[in-house]
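Please open the model in your viewer and keep the selection box handy. We will go through it stop by stop, and at each stop you will learn what to select and what is there.

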Number of protein chains: 2
Amino acid sequence: MSPERGFPESEFAERTRRCQELMAERGLGAILVCTEPEVRYFTGFHTPFWQSPTRPWFTIVPAEGKPIAVIPGIGEASMAATWIDDVRTWSSPQPDDDGVTLLVDCLREVVGPDVASSNGVIGLPMGPETHVRMPLRDVDRLRACLGELVDVTDIISSLRMVKSEAEIAKHRHICGLVSNAFDELPNILSTGMTERQAFATFRGEILRQGADDVPYLVGATGHGGIDDIIRQPSDRTIGDGDLLIFDTGSTFDGYFSDFDRNFAFTTAEPDAIDAYRAVWEATEAGLATVRPGATTTEIFGAMNAVLKANGSLGNDVGRMGHGLGMQVTEWPSHTASDDTVITENMVLTLEPGLLWAPGRAMVHEENLVVRANGPDLLSRRAAPELPII
Amino acid sequence: MSPERGFPESEFAERTRRCQELMAERGLGAILVCTEPEVRYFTGFHTPFWQSPTRPWFTIVPAEGKPIAVIPGIGEASMAATWIDDVRTWSSPQPDDDGVTLLVDCLREVVGPDVASSNGVIGLPMGPETHVRMPLRDVDRLRACLGELVDVTDIISSLRMVKSEAEIAKHRHICGLVSNAFDELPNILSTGMTERQAFATFRGEILRQGADDVPYLVGATGHGGIDDIIRQPSDRTIGDGDLLIFDTGSTFDGYFSDFDRNFAFTTAEPDAIDAYRAVWEATEAGLATVRPGATTTEIFGAMNAVLKANGSLGNDVGRMGHGLGMQVTEWPSHTASDDTVITENMVLTLEPGLLWAPGRAMVHEENLVVRANGPDLLSRRAAPELPII
């Protein structure tokens, strides 16, 4: 059974309430957001239209009351269908003033007309994993009108890192569908196929299982080893003794899975079998560490210790897993210095990567939700030994 | 036959040469770009990994010589496989200094150590349809080190708006595949399906035809009319007398199609049939206007005149078509004031939209390449009368 689509209004009301609580602690009169996941988080506005770079879209979270949408006219009907009551539009594209005046006027209305002289009352995410999705020229205009803005990356990330049960249900559903698709791979892939055919076959299978979309699909094949795990497919033909990795971020109702699986065709070298086992064990060590109160740095350390004990030459991924949500990767990162405290209902990936020989990488990934007593797997656990097709 | 994947090195050398010619005219020592299509344009680096917001990626076009990539280590192998020789990496994520120092050092090396005191030698796209894909906090650091940056949106857009024959071949291929899929719709859609089933069926058909992906798919159904053309599917069941619009941006080798088609089920009201015909005629008027030397404003005017003569109540799209390329929409826009001069080998959409009654919109879209003697259609021309399934 698929979980229900969308969310009840109470979900958005609760997100807004938590945000306003954090805003009050810091004396903020408004938060401005302008990227797809940020706007969707507060409004429920969900469309692939964001792929068009032409028009900026804004949402303002005031100190009290519902968020306000300040958006191009083309989005009015869709935004009006969300829980948002106050939808202000302009005719876009309008390069000379693409929403800037309307946005400034709205912010002045929300925080008071003297905003430029009372620096520090408007928040904007300006830190890690964020960007401002509007022309830099217009960011400058905005800042000239609004005075100093406050970085609220920590507010937005602390909200989005902890998922509701409704969000977790969507994650669980898509992770289950992708697990099913991975389980089918031995039946639908074979030597003689090209990488491109294998990618198309896997994408088709994920959709057949019921995913809405497969926005993220990378992978590679290689004889005896794989050097690059974020590649797009080539016309290389898969042969005996090849390794294959697929890593996919697929979606259900706008929420991602993000995990990979590794396979060998016909035979595998002992070194590859050992590398697979080492990374599987590293994931076990990560799972044993995940619990409320642990840190991302401890999780990293637990996995890294296993990889080091297995002769890791390091890896260039820069982390061993991350948050998961409306984006294929979100805060936090499991690194040696991230030190984010894990809390209940975070949805995370564990992603240890081992460079077991020069140019030969093995990466495993699982998805989980953090519960009071530890990790609850969302992906079906990878086989402990390298599967051979 | 599919066109060849990727491009020969000469394609990137020519892009770089044209860019450097424009840079020389303006006395620029370097251009910095940091979004997916910009980096791909100069390097050929092609991966969906950009969906992860965690890490910034940079490419520098110097006044002479090949572009330089300044990227997270995870991309090194993929970037090294492109025509780029100089790939500089750092271990990312590293929130305290996520590439900023490495980037500043590289820019100083390229334009000279006194960059901060010689304002105006480094270009960055800061205008319409652009954004800077890195945390605003890091943009500020960068500007503090580099002095005043020059907006080069016009350089980048003038390059990207005019396509090579190799790019046009990719557009033609994907437009042909999507045309085939639209032609199949009467055979694979029927009343009694939900919108969600219809979307999944269409997505599957586009992939079956050979598209790499369907990143953009919107549409709607409605009895006697449609109020919102950028919607995601619902569980609404399609019935007799419904109208359906599908609009898709599908891809082949990283290049987009972007056109829509409208259908009625079983029967259609005379008003809907008239609206369809009016928008079809507006497209004809647009096609008759497209030629090198015409402007986007003239193209808009030609289509708008037909819509007005047919009782248009206006529309909220804000334009009647746009450029097409590595993104589903690119510069320019057909608006009343855009005034971009059309040149040979631009790939454009024509997208007249008619609000024929309150809450009832009809939008047509075609894709074309501009040739010396006028438009060469890439999409298979829509039927002149509303097709009934």
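**Stop 1: the two copies**

Start by colouring chain A and chain B separately. If you turn chain B by 180° and shift it 0.0 Å along the axis, it can be laid on chain A with an RMSD of 0.0 Å. The two copies are therefore related as by a two-fold rotation axis. The copies also use the same surface to meet, since 100% of the contact residues of chain B recur in chain A.

Keep in mind that what you are looking at is a predicted model. Try colouring chain A by pLDDT: the average is 95, and 99% of its residues score at least 70. The model as a whole scores ipTM 0.96 and pTM 0.97.

**Stop 2: where the chains touch**

Now look at the contact between the chains. How many residues does the contact take from each chain? It takes 56 residues from chain A and 56 residues from chain B. On the chain B side, select helix H3 (76-80), helix H5 (136-146), helix H8 (195-209) and strand E7 (213-223); these are the elements that give two or more residues to the side touching chain A. Which of them gives the largest share? That is E7(B), with four residues. If you colour this side of chain B by class, you will find 23 nonpolar, 22 polar and 11 charged residues.

**Stop 3: a six-stranded sheet, seen twice**

Stay in chain B and show its strands. Six of them make an open sheet with mixed pairing, in the order E4-E3-E2-E1-E5-E6. Select strand E4 (86-90) and strand E6 (150-151) of chain B: these stand at the edges, and each has a single partner strand, so one side of each has no neighbour in the sheet. Next, add strand E5 (residues 122-124) of chain B, which pairs with E6(B) in the parallel sense over two bridges. To see one pairing up close, pick B:Gly123, whose bridge partner in E6(B) is B:Val150.

Then move to chain A. Here, too, an open sheet of six strands has the order E4-E3-E2-E1-E5-E6, with mixed pairing. Strand E4 (86-90) and strand E6 (150-151) of chain A are at the edges with a single partner strand each, so one side of each is left without a neighbour in the sheet. Strand E5 (residues 122-124) of chain A runs parallel to E6(A), and two bridges join them. This time, select A:Leu124 and find its bridge partner in E6(A), A:Asp151.

**Stop 4: two hairpins**

For the first hairpin, stay in chain A and select strand E16 (residues 366-371). E16(A) pairs with E17(A) in the antiparallel sense over four bridges. How many residues lie between the two strands of this hairpin? There are two residues between E16(A) and E17(A). Label A:Val370 and you will see A:Pro375 of E17(A) opposite.

Follow the chain on to A:Arg380, which is in the segment after strand E17 (374-377) of chain A. Is A:Arg380 buried, exposed or partly exposed? It counts as partly exposed, because it has 17 C-beta neighbours inside 10 Å. Now draw a distance line from A:Arg380 to A:Gly176: they are 204 residues apart in sequence, yet 7.0 Å apart in space, C-alpha to C-alpha.

For the second hairpin, go back to chain B and select strand E11 (residues 322-323) and strand E12 (residues 330-333). These strands pair in the antiparallel sense over two bridges, and the hairpin joins E11(B) to E12(B) through six residues. B:Gly323 stands opposite B:Glu330 in E12(B).

**Stop 5: helix H9 of chain B**

Finally, select residues 270-289 of chain B. This is helix H9, with 20 residues; from first C-alpha to last it reaches 29 Å, close to the 28 Å expected at 1.5 Å a residue. Several residues of H9(B) are buried, including B:Ala272, B:Tyr276, B:Trp280 and B:Gly286.

End the tour on B:Thr289, which is found in H9(B). With 21 other C-beta atoms within 10 Å, B:Thr289 is buried. Leaving aside residues up to four places away in sequence, B:Thr289 touches B:Ala294, B:Glu298, B:Ile299 and B:Ala302. One last distance to draw runs from B:Thr289 to B:Phe300: they are 11 residues apart along the chain, and 9.3 Å separates their C-alpha atoms.

Key. Residues numbered from 1 in each chain as written. Chains lettered and ligands numbered in written order. Predicted model: local features only at pLDDT ≥ 70, side-chain atom pairs only at ≥ 80, totals over all residues. Contact = placed C-beta atoms within 7 Å. Nonpolar A, V, L, I, M, F, W, Y, C, P; charged D, E, K, R; others polar. Expected span 1.5 Å × (residues − 1). Buried ≥ 20, exposed ≤ 12 C-beta atoms within 10 Å, placed from the backbone. Least-squares fit on C-alpha atoms with pLDDT ≥ 70 in both. pLDDT = per-residue confidence, 0-100. Pairing = 2+ DSSP bridges.
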